[in-house]
Amino acid sequence: MILRFIVKTLFLCFSFVHGTAQVHLCSWNLENFGKSKSDSEIVFISHTLKDFDLVAVTEVVAGKGGAQAVARLADELNRTGSKWDYCVSDPTTGTPGSSERYAFLWKTHVISKHGDAFLEKHYTDSIEREPYFGRFLYEGKPITIAVFHAVPKNKQPEKEIKFLKFLPELYPKETLIFCGDFNCPQSHSVFGPLKQKNYLPALQKQKTTLKNECKQDQCLASEFDNVFYPAAKVKLLAKDIVPFYLKFSTLKEARKISDH
C-alpha cells in the first residue's frame, strides 16, 4: 500500500495510493462542530472537503447539535457532485466537560465502510476521548483509520498519547493509521515508541493551529495536528498544506470555521 498525503493546514488532509489508485483522506479538528455552525459555514466546509474521498472529524459536539451538524455537512457534500455517507461516534466516555464525538464521511463510489465504526475501549480509564476506529475498503483492500483528539496541552496530552503505542499490537492484521489533534508536537519524546514501531509522522516542524492574530504575517501557532502511518505498509509520496484562513479577510472570521 502506498500512502500519498496532502496535508491542509489547520486540518490534515492526505491521500494514499492502494495499488495504483489514489484515495484522498482528510482529518480536521472542526472546533465546536455543532448547531452553532451557520449554513454558510457548512457550505464553506463542504466546498473545502469536496475533493477528498474520506474525512475524519474531531471535536464534534457531544450534545444534540453535533450529530445533526455532521448530517448537515453530509447533505451539503451531496450537493457538490458526489454521493457521500457518514457515521458519528457516541460521546466519548471521559469527564462530561471534555466529552466529544468523532465522525467519518466518505464518497460512496470510492470508499465503503467495512463493519461498524467504534470507540476503542481498551484505555478508557486513561484516555478522556478514546480514539474512534473506522474500517474501510477501497477496491477490496482494507484500511483502518484511528482518529484521536488528545486533552489540551495544559492537561499533559502525553499522558494519553503514550497508550497509542499498544494499539498496533491489539490490531496486528490491520493497516492502522493514526490521525487527529494530538495537542502535542511530533518531536515530543512520547511519540518515540510509535516511531520505533516504524510509525512515521506525515508532518515535521509544521504548525497547524491558528493564532488569535497574525503577527508579522505569522498566523500559525502550534504543531498539534498530524498523521502517523505505518511505513512498512505505507509509503509517503507527497504532502503540502492549504491554509483555508487565507480565504478570509481576518483571522477572527476564519476562526468561526475552526482554530485548526
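By the rule used here, the count of cavities of 30 Å³ or more in this structure comes to 1, and it should be said at once that the model is a predicted one. The largest cavity holds about 40 Å³ of space. Its lining is made up of Glu 120, Tyr 123, Thr 124, Ile 127, Glu 130, Pro 131, Phe 163, Leu 164 and Leu 167, and when these residues are sorted by class, they divide into 6 nonpolar, 1 polar and 2 charged. Rolling a probe the size of a water molecule over the atoms shows where empty space is left.

Besides the cavity there is the largest pocket, whose volume is about 290 Å³. A reader who wants to find this pocket in the model can look for Asp 181, Asn 183, Phe 224, Asp 259 and His 260, which lie nearest its centre among the 19 residues that line it. Two strands, β2 (21–33) and β12 (210–215), each supply at least two residues of that lining. Sorted by class, the lining of the largest pocket has 4 nonpolar, 7 polar and 8 charged residues.

With these spaces located, we can turn to the chain as a whole. The protein chain has 6 helices and 14 strands, and of its 260 residues, 53% are buried. If we take the contacts between residues at least 6 apart in sequence, we find that 66% of them join residues at least 24 apart. The accessible surface of the chain comes to about 11600 Å², and carbon and sulfur atoms account for 48% of that surface.

Strand β5 is a good place to study burial in detail. This strand covers residues 100–107, and 8 of its 8 residues are buried. In a regular strand the side chains alternate between the two faces of the sheet. In β5, Glu 100, Tyr 102, Phe 104 and Trp 106 point one way, while Arg 101, Ala 103, Leu 105 and Lys 107 point the other way, and all of them are buried. The strand also has partners: β3, which spans residues 54–61, pairs with β5 in the antiparallel sense over 6 bridges, and in β5 the residue opposite Val 60 is Arg 101. Strand β4 likewise runs antiparallel to β5, and 5 bridges join the two, with Asp 85 standing opposite Trp 106 of β5.

A second strand, β14, can be read in a similar manner. Because 6 of the 6 residues of β14 (residues 225–230) are buried, this strand is largely enclosed by the rest of the structure. Asp 225, Val 227 and Tyr 229 point one way from β14, whereas Asn 226, Phe 228 and Pro 230 point the other way, and all are buried. Strand β10 (residues 176–181) pairs with β14 in the antiparallel sense over 4 bridges, and within this part of the structure the bridge partner of Phe 178 is Phe 228 of β14. Strand β11 (residues 199–201) is also paired with β14 in the antiparallel sense, over 3 bridges, and Leu 200 stands opposite Tyr 229 there.

We can finish with helix α2 and the loop that follows, where individual residues show what the words buried and exposed mean. Lys 64 lies in helix α2, and because its relative accessibility is 69%, Lys 64 counts as exposed, the cut-off for exposed being over 50%. The C-alpha atom of Lys 64 is separated by 8.3 Å from that of Lys 35, although the two residues are 29 residues apart along the chain. Glu 76 lies in helix α2 as well, but at 18% relative accessibility Glu 76 counts as buried, since buried means under 20%. Leaving aside its neighbours within four places in sequence, Glu 76 is in contact with Ile 42, Val 43 and Ser 46.

Ser 82 lies in the loop between α2 (64–77) and β4 (84–88). Is this loop residue buried or exposed? With a relative accessibility of 19%, Ser 82 counts as buried. When its neighbours within four places in sequence are left aside, Ser 82 is in contact with Leu 77, Lys 107 and His 109. Of these contact partners, Lys 107 has already appeared above among the buried residues of β5.

Methods:
Residues are numbered from 1 along each chain as its sequence is written. This is a predicted model: local features need pLDDT of at least 70, side-chain atom pairs count only at pLDDT 80 or more; totals for chains, interfaces and linings use all residues. Side-chain values use heavy atoms; hydrogens and water are left out. Buried means under 20% relative accessible area, exposed over 50%, partly exposed in between (1.4 Å probe, protein chains only). Contact means heavy atoms within 4.5 Å. Accessible areas come from the Shrake-Rupley method with a 1.4 Å probe; for residues, only the protein chains shown count as cover. On a 1 Å grid over the protein atoms alone, a cavity is a set of points where a 1.4 Å probe fits but cannot get out, and a pocket is an open set with protein on both sides within 12 Å along at least five of seven lines; lining residues have an atom within 4 Å of a point. Grid points are joined across faces, edges and corners, and a volume is the space filled by probe spheres set on the points. Ala, Val, Leu, Ile, Met, Phe, Trp, Tyr, Cys and Pro count as nonpolar, Asp, Glu, Lys and Arg as charged, and the others, Gly among them, as polar. Two strands pair if DSSP finds at least two bridges between them.
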